[in-house]
Structures are given as C-alpha cells and as structure tokens.
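Here's a quick briefing on how two protein chains sit against each other, plus a look at one serine. Have a look at the model first, then read on.

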Number of protein chains: 2
Amino acid sequence: MRVSRVKALENREQILETAARLLRKHGFEGIGVADIMKAAGLTHGGFYRNFASKDDLAVKASERAIANTTALLKNGLAQKPKDPLRALIEGYVSSAHRDDPGSGCILPALAVDAARSDDPALRAVFITAIQGYLDQIAKLPSANPGAAGSRHPAAILSEMVGAVILSRVIADDPLAESLIAAVVADIAGPSPENKSAEE
Amino acid sequence: MRVSRVKALENREQILETAARLLRKHGFEGIGVADIMKAAGLTHGGFYRNFASKDDLAVKASERAIANTTALLKNGLAQKPKDPLRALIEGYVSSAHRDDPGSGCILPALAVDAARSDDPALRAVFITAIQGYLDQIAKLPSANPGAAGSRHPAAILSEMVGAVILSRVIADDPLAESLIAAVVADIAGPSPENKSAEE
DNA sequence: CATGTTGCATGACGACCATCATCTATCAGA
DNA sequence: TCTGATAGATGATGGTCGTCATGCAACATG
C-alpha cells in the first residue's frame, strides 16, 4: 500500500496530531501505539517507519502539543490587549480547559508523567515549555499594581496548573466551579463587572 | 503456606504501605500487582485474598497514603504553632517533598491519574482529600492579614500542588530551587530572617 | 513504459499484565 | 491431638503491549 509523498506527509501529521490529543487525554501509559494509529486512520504497521519508538513519539507529540497551544495562546491574547493577564487566566483556568485535556496545555495533562519518565529528551521538552510559560507571564503587564502586587511568574504558573489538575479531579462536583472562580479571582482580581461593588 | 492471624494482618499492612509508596512513585499504571507484592516480601498469589482487584487496592492504598500524610501534617503543625501557614508551605513546597513522592501528598503524585480514572470510589477518595485540605487551610489563622490579604484556600492549595508537580519535572535543574523559593515566599510572605530588610 | 523504491498492511513474537485455580503447609478450634 | 479452615506459593490463562519481519501495491525516476 504505497502512497504519494504528500499523502505520506499528511499521514505523519495525522499521527502527530492524534497522538498529541490522545496522549494528553490518557497519559503516556494510558494508550498504546496501535490505538493511536487506528485513531489516525492507519494500522499499526507503518508506525516504526515514522518514529523510532513510542518514547520518540511522546517527545514529538509533546512538542506538537506545545506548539499548538502556544499558537492558540498568542492569538487569544492578541485579541484582548486590555487585560492580558485576566485573559490568560480566564482561558486557562476554565471549565472548557478542564473538560478537554486532549487539546489543552500539556502541563496539567502530562507533567506528572514527564516527571516520572527518565527520558532526558522528554524532560527537556517539558522544561522548555515551563520556561516558555514563565517568560510569557513575566512579560505580561502587571495587572495588579495595587494591593496584591505583581507576583513571581512561578507562583502564578503553579497556581494555574494546580487549579486545572484539581478541577479535573472534582470535575462534575459543584466544588469544581467554585474552585475555578476562586483561582481566577485570586490571580486576576475580582471580575470587572463586579468591580464597582468592591472597596 | 498458612500463617498466623497476626502475621496475616501484618502482611496486609505491608501490602498497603508498600502499595501506597510505589503507586505514588510510579502512578497507577506504572507498576503491577506482582511487583508490589514482591516489594512487600510476598508473591503475587495471595493478592486476591486481600483485595478484590487492583482498582480496589488503589482505593485502599490512596486512603492509607492520605491517612499517613495527614497524621504527619498535624504533628508537624502542632510543633510550630507560631506561623502554621508558613510551616505548612515550607514543608509541602520543598525539595524533600519534591524528591520523595512515594511518601508525600497524593495530590501532586496521583491526582492526574485519579482524574483519568472512571472509578467513582477512587475519585471520591481524592475529592475527600481535597476537601480535607481546603478545610485545614481555611482553619489556619491568616498569616498575612496585611497587604496580601487572606486568600481563598482553593487558590493556596492549587499553588501548592502545582508547585510540587512543576518542581518534579525540572528536578535537578537549578530552576527548581528558585521555583520553590518563589512559591514559598508568595504564599507565606518573605522569610522571617529577611523580614527586617523588607519595606 | 519499465523498474527499483518505499509507505503501509498483515501478521507474528516475546514480554508483561491482571486475574484466577489449585495445592499445601500450617494455624485455630474442638 | 485431631481436623477443618485458610494464607499464601506455584503456575496457568487470556489479553494487551511495543516492536519488528515480511509482503505488496503504488509511486517516482529514468
């Protein structure tokens, strides 16, 4: 079953995108090569012509996932230049992000799996991702020049990641919504529409 | 190979403690029943006389892990009644906790695995654990009655959990230490010994 | 148009896994 | 002391997994 070169490239793309989604959803050990290939519309046979191993796929798919979400992030922030920190947090710490790990940030989805791995290449990908987030947050104009002061980017990122993970555990429990609301307010301050009621 | 009743109880305890440690270290899918039993000094044969399934063990071992760490927590806090929030954070967001997931809090270790699970019993255990932490934090005398104000417990817990997870990813990188320091200072304020240099 | 090349399907292999059946040696109660 | 009960060892089973060998059909080059 040979296929044209452009089709072969499309297939590889499809494998990468599918893997990026399924690995985030099920974890590195929660889904197998055969299932990923099947979801990509192929059989498991051609896998090792595209990737050296499942670990190799994990690295490439993680890089792809990061690239996709950072692109989304930049687009989202560019459209809301007024309060970028709030825009970031409201998108990140949200029920939509909680309910769709397959197309969300890799940190709440896979950081724990990466921490358990002893593959240096995989860890490097995640370290770079963390650094990227920290740099992005540091560049954000401090949205809270007042009482709360401007916090260290590592503190903000930790809170974002932890909030998404905890909200995924409690998921359908009403507690999840209040947790999300509390964290958004904690980082970005009280929501603008309620601001007049403050002080 | 029958064994006395007290010995049988000891064995069950040993399985639980070993499982609580190894599951936190490797994740629910990262270690098997046979390896847990071997580490507990037994063979895999007697497992199903003690537990209904591996999922059942995951529930019981998670409960055990929570009981152990909350006991440690209460002891630690009782010995430092001056600034309990700081004591909590300095113990939780620390390189010691980062480097030993096997005897640490289950939330950074296993919450992601629990979120992926569809076992209601397992999820219930983790929801209870989160609630317990939130209640404990809420009861803590607000250590920052000043500028930073008293934050929502969910915000503090999210930051704690996220910080430990991220620090485990970057582990040996020097970035890990600065992340820990930044988060501790963010939650508990500047460390007391440096306090005179503040303001 | 001819032919060597190659992407992918089929299928198999060995390792590992959760689970269970069976056996046996020892304990606990009479 | 005798005997039924049982904790745990041994071993097997069916399933899943990552990985690879082989074969084929279609492409790209001449």
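A salt bridge here means a side-chain nitrogen of Lys or Arg within 4 Å of a carboxyl oxygen of Asp or Glu. By that rule, six salt bridges turn up across the interface of chain B and chain A. Keep in mind that this is a predicted model, and every value below is computed from it.

**How the two copies are arranged**
- Chain B lands on chain A after a rotation of 180 degrees with 0.0 Å of shift along the axis, and the RMSD is 0.0 Å.
- The two copies are therefore related as by a two-fold rotation axis.
- The copies meet through the same surface, because 100% of the interface residues of chain B are also interface residues in chain A.

**How much surface is involved**
- Each side of the contact brings in its own set: 43 residues come from chain B and 43 residues from chain A.
- Together the two chains bury about 3,300 Å², and 68% of that is on carbon and sulfur atoms.
- On the chain B side, the residues losing the most area to chain A are Arg116(B), Leu166(B) and Val169(B), which together make up 19% of what that side buries.

**Polar and charged links across the interface**
- If you want one salt bridge to look up, try Arg151(B) and Asp186(A), whose side chains meet at 2.7 Å, N to O.
- There are also twelve residue pairs in polar contact across the interface, counting pairs with both residues at pLDDT 80 or more.

**What the chain B side is built from**
- Five helices of chain B each supply at least two residues to the side touching chain A: H1 (5-26), H7 (106-116), H8 (120-139), H9 (153-170) and H10 (174-188).
- H9(B) gives the most to that side, with 13 residues.
- Sorted by type, the chain B residues that touch chain A come out as 26 nonpolar, seven polar and ten charged.

**A closer look at Ser62(A)**
- You'll find Ser62(A) in helix H4 of chain A, which covers residues 54-78.
- Is Ser62(A) buried or exposed? Ser62(A) counts as buried because its relative accessible area is 2%, and the cut-off for buried is under 20%.
- What does the side chain of Ser62(A) reach? That side chain gets to the backbone oxygen of Ala58(A), at 2.7 Å.
- Setting aside neighbours within four places in sequence, Ser62(A) is in contact with Phe28(A), Ile106(A), Leu122(A), Val125(A) and Phe126(A).

Notes:
Residues are numbered from 1 along each chain as its sequence is written. Chains are lettered from A and ligands numbered from 1 in the order in which they are written. This is a predicted model: local features need pLDDT of at least 70, side-chain atom pairs count only at pLDDT 80 or more; totals for chains, interfaces and linings use all residues. Side-chain values use heavy atoms; hydrogens and water are left out. Contact means heavy atoms within 4.5 Å. Buried area is the accessible area (1.4 Å probe) that two parts lose on being put together, summed over both. A polar contact is a pair of N or O atoms within 3.5 Å; within protein, one must be able to donate a hydrogen and the other to accept it, and residues adjacent in sequence count only if both atoms are side-chain atoms. Helices (H or I, at least four residues) and strands (E, at least two) are DSSP runs, numbered from the N terminus. Ala, Val, Leu, Ile, Met, Phe, Trp, Tyr, Cys and Pro count as nonpolar, Asp, Glu, Lys and Arg as charged, and the others, Gly among them, as polar. Buried means under 20% relative accessible area, exposed over 50%, partly exposed in between (1.4 Å probe, protein chains only). Copies are superposed by least squares on the C-alpha atoms of residues with pLDDT of at least 70 in both.
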